[in-house]
Amino acid sequence: MNSSIQTFAYIQNKGSDTIVNLALAWAEAYQKIKPDISISVTGGGSGTGITALINKTVDIANASRQIKPEELAAAKAAGLNPQEFIIARDAIAVIVNPENPVQHLTIEQLSKIYRGEINNWKEVGGEDRPIVRLSRETNSGTHVYFLESVVRLGNSKDKTIFSSDTLLLPSSEGIIAEVRDNPNAIGYDGLGYVTSEVKVLAISSQATPDVFILPSADTVSNNTYVISRSLYMYTQDIPTGAIKDYLDWILSPEAQLIVKDLGFVPVN
Amino acid sequence: MKRNRISGDKIINFIIKVCGYSSILFVTLILLFLLREGIPALANVTLKNLFGTVWYPIEEYFGILPLILGTLLVTIGAIIIALPFGIGTAIYLSEIAPKWISDLLKPIIEILAGIPSVVLGFIGILVVVPFMRKIFDLPTGLTAVTGSILLGLIAIPTIVSIGEDALNNVPPSYRQAALALGATRWQTIWGVTLPAAKNGILTAVMLGVGRALGETMAVMMVTGNAPVMPVKWNSFFLPVRTMTATIASEMGEVATGSAHYQVLFFIGIILFLISLAVNITASSVSTRQRKRAERILS
């Protein structure tokens with residue numbers, strides 16, 4: 001009787017919409033191994049998850065970006081000591097409509113498109129069509145990552161922002177739906193979310209602008225695909241008990257196999 | 001026995017009175033909360049930034065003008081669409097349709113009012129958005145006018161039910177007099193019934209405006225949410241971002257008490273003021289109607 005009370009635990013897990021499917025798959029697999037543990041997983045965006053962590057309403061926050069200095073300060077002010085875990089890696093795929101003849105872009109061209117400096121597909125070797133830029137909302141970790149690594153090309157002093165006519169869509173599904181239907185559209189999303197109804201572009205790095213690479217687990221692992229990033233989980237403090245067991249399991253080879261199944265890249 | 005009944009009456013009266021006043025209390029509390037959370041934005045964000053034209057909160061650009069104009073554009077478009085359909089339906093139901101047809105149509109219109117806006121938004125994404133892009137040859141179908149169409153659908157049931165009530169309140173003797181003078185049915189509707197119900201119909205339209213103004217989900221799904229200033233001649237056919245969609249999509253991420261949080265509440269204050277103005281207009285119009293009715297009767 002006493003031991004069952006001790007092992008029963010309820011873990012609240014919330015945050016990045018990029019990670020939510022992965023976190024759900026992990027939670028389901030883990031609950032099969034340990035029926036006493038109950039894990040609830042919700043999305044909402046990286047910022048939402050970290051805010052919830054700071055407000056102490058979740059045990060683990062999922063984030064597709066690192067915690068910001070001001071969020072860390074807020075967490076410390078709330079008496080927390082957030083711990084970071086890199087749980088998987090992810091490629092961000094740049095997607096267009098299958099009718100669009102463009103097959104690849106340099107990362108500079110991609111940056112200029114989202115800055116609003118390139119406005120027609122013919123400027124990058126496509127048809128004479130206006131470019132409709134799609135992005136996730138600003139609360140998405142993917143948005144922040146794309147702003148820093150693509151729009152600003154990793155230059156932290158650059159304060160350029162997305163062209164103001166960039167469409168900010170509230171969900172990954174919204175981006176896929178619009179790209180699928182609209183031959184003018186360009187969008188970006190985690191590789192795990194890309195369906196066969198849209199076309200993934202090959203992207204070249206600044207160092208080798210002639211070598212265009214398609215995103216995949218291999219090209220992310222060997223660092224040839226440039227738009228890739230780490231995915232994180234944050235805990236309120238140094239994890240103990242059930243939360244520690246869960247995070248240890250997530251980094252185990254068994255759990256990292258699930259990462260690969262969902263189109264993400266394992267960390268080890 | 002008698003005393004019991006009187007004290008029972010008093011208790012019931014008191015409970016009903018509390019219910020009546022509680023709505024005033026709730027509105028006041030909501031307003032106070034909005035003011036408490038939103039007014040500090042004026043101190044923490046410069047006025048030039050706050051009333052600027054760039055909205056990009058993660059880099060501290062808090063220009064709310066594109067959002068206000070976006071909301072106004074989508075709402076005006078919705079009313080242009082909902083007005084003829086709403087009033088036309090109300091006239092048909094009240095003046096023209098045989099009783100069995102209006103008995104059939106009224107519940108159907110009420111079902112339209114009950115459809116969750118997220119469902120309308122979903123239909124919007126799958127049907128209206130690709131349709132608009134092809135018909136008008138637009139860069140994208142996620143535009144202000146797409147939002148207006150969905151909001152129009154949402155506002156129509158409100159306009160129909162209140163407009164129909166207003167038409168039904170016109171005394172039958174007015175119509176009988178017009179018909180007796182040899183007016184056709186259309187002349188009676190256009191020259192007598194509609195003018196007599198004018199204020200009630202204005203109220204219906206104002207409440208329809210209020211319904212469209214506050215709608216969030218459907219608009220967020222189909223207007224593209226790009227915070228551009230809708231000042232070009234073709235802005236109606238370009239993406240816009242509304243105030244409600246901004247609050248809904250960003251409130252979840254903000255740190256409590258940050259400048260971004262305060263600005264979102266400030267947007268809430270502006271929405272509150274706009275819908276207050278709309279409601280005051282609606283109720284002042286309907287009070288005028290009552291006074292006029294009293295004058296006619298006396």
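Me: What makes strand E4 (residues 83-96) of chain A and E8(A) a pair in this predicted model?
Reply: Pairing needs at least two bridges between two strands. E4(A) and strand E8 (residues 185-190) of chain A have five bridges, in the antiparallel sense, so the pair meets the cut-off. One position in E8(A) is A:Gly187, which stands opposite A:Ile95.

Me: In which sense do strand E6 (residues 132-136) of chain A and E8(A) pair, and why does that count as pairing?
Reply: The sense is parallel, over two bridges. Two bridges is the minimum that the definition asks for, therefore E6(A) and E8(A) count as paired. In E8(A), A:Ala185 is the bridge partner of A:Val132.

Me: How do you know that E8(A) is mostly covered?
Reply: Six of the six residues of E8(A) are buried. To be called buried, a residue needs 20 or more other C-beta atoms within 10 Å of its own.

Me: What about E6(A): how many of its residues are buried, and which way do they point?
Reply: Five of its five residues are buried. A:Val132, A:Leu134 and A:Arg136 point one way from E6(A), and A:Arg133 and A:Ser135 point the other way. In a regular strand the side chains alternate between the two faces of the sheet.

Me: Which other strand does E6(A) pair with, and what makes the two a pair?
Reply: E6(A) pairs with strand E7 (residues 167-169) of chain A in the parallel sense, over three bridges. At least two are required, so this pair also qualifies. A:Leu169 in E7(A) stands opposite A:Arg136.

Me: Why is the crossover between E6(A) and E7(A) given a hand, and which one?
Reply: The chain runs from E6(A) through H6(A) to E7(A), a β-α-β crossover that is right-handed. The term applies because, with the strands pointing away from the viewer, the path from the first strand over the helix to the second runs clockwise.

Me: What makes H6(A) a mostly covered helix?
Reply: Nine of the 11 residues of helix H6 (residues 141-151) of chain A are buried. Among them are A:Gly141, A:Phe146 and A:Val151. After H6(A) comes A:Leu153, which has a positive phi, near 50°.

Me: How do you know where confidence is low in chain A?
Reply: Residues 1-5 of chain A stay under 50 in pLDDT, and the model has zero contacts for them beyond four places in sequence. Helix H1 (residues 2-7) of chain A has the lowest mean pLDDT among the elements of the chain, 47. The chain as a whole averages 90, with 97% of the residues scoring at least 70.

Me: What are the corresponding values for chain B?
Reply: Chain B has a mean pLDDT of 89, and 95% of its residues reach 70 or more. Among its elements, helix H13 (residues 259-297) has the lowest mean, 82, and helix H4 (residues 65-96) the highest, 94.

Me: What makes up the contact between chain A and chain B?
Reply: Chain B contributes 23 residues and chain A 28 residues. On the side of chain B that touches chain A, helix H6 (117-136) and helix H12 (243-250) of chain B are the elements that give two or more residues. H6(B) gives the most, with three residues. By class, this side of chain B has 14 nonpolar, five polar and four charged residues. For the complex, the predictor gives an ipTM of 0.80 and a pTM of 0.83.

Conventions. Residues numbered from 1 in each chain as written. Chains lettered and ligands numbered in written order. Predicted model: local features only at pLDDT ≥ 70, side-chain atom pairs only at ≥ 80, totals over all residues. Contact = placed C-beta atoms within 7 Å. Helix = DSSP H or I, 4+ residues; strand = E, 2+ residues; numbered from the N terminus. Nonpolar A, V, L, I, M, F, W, Y, C, P; charged D, E, K, R; others polar. Buried ≥ 20, exposed ≤ 12 C-beta atoms within 10 Å, placed from the backbone. pLDDT = per-residue confidence, 0-100.
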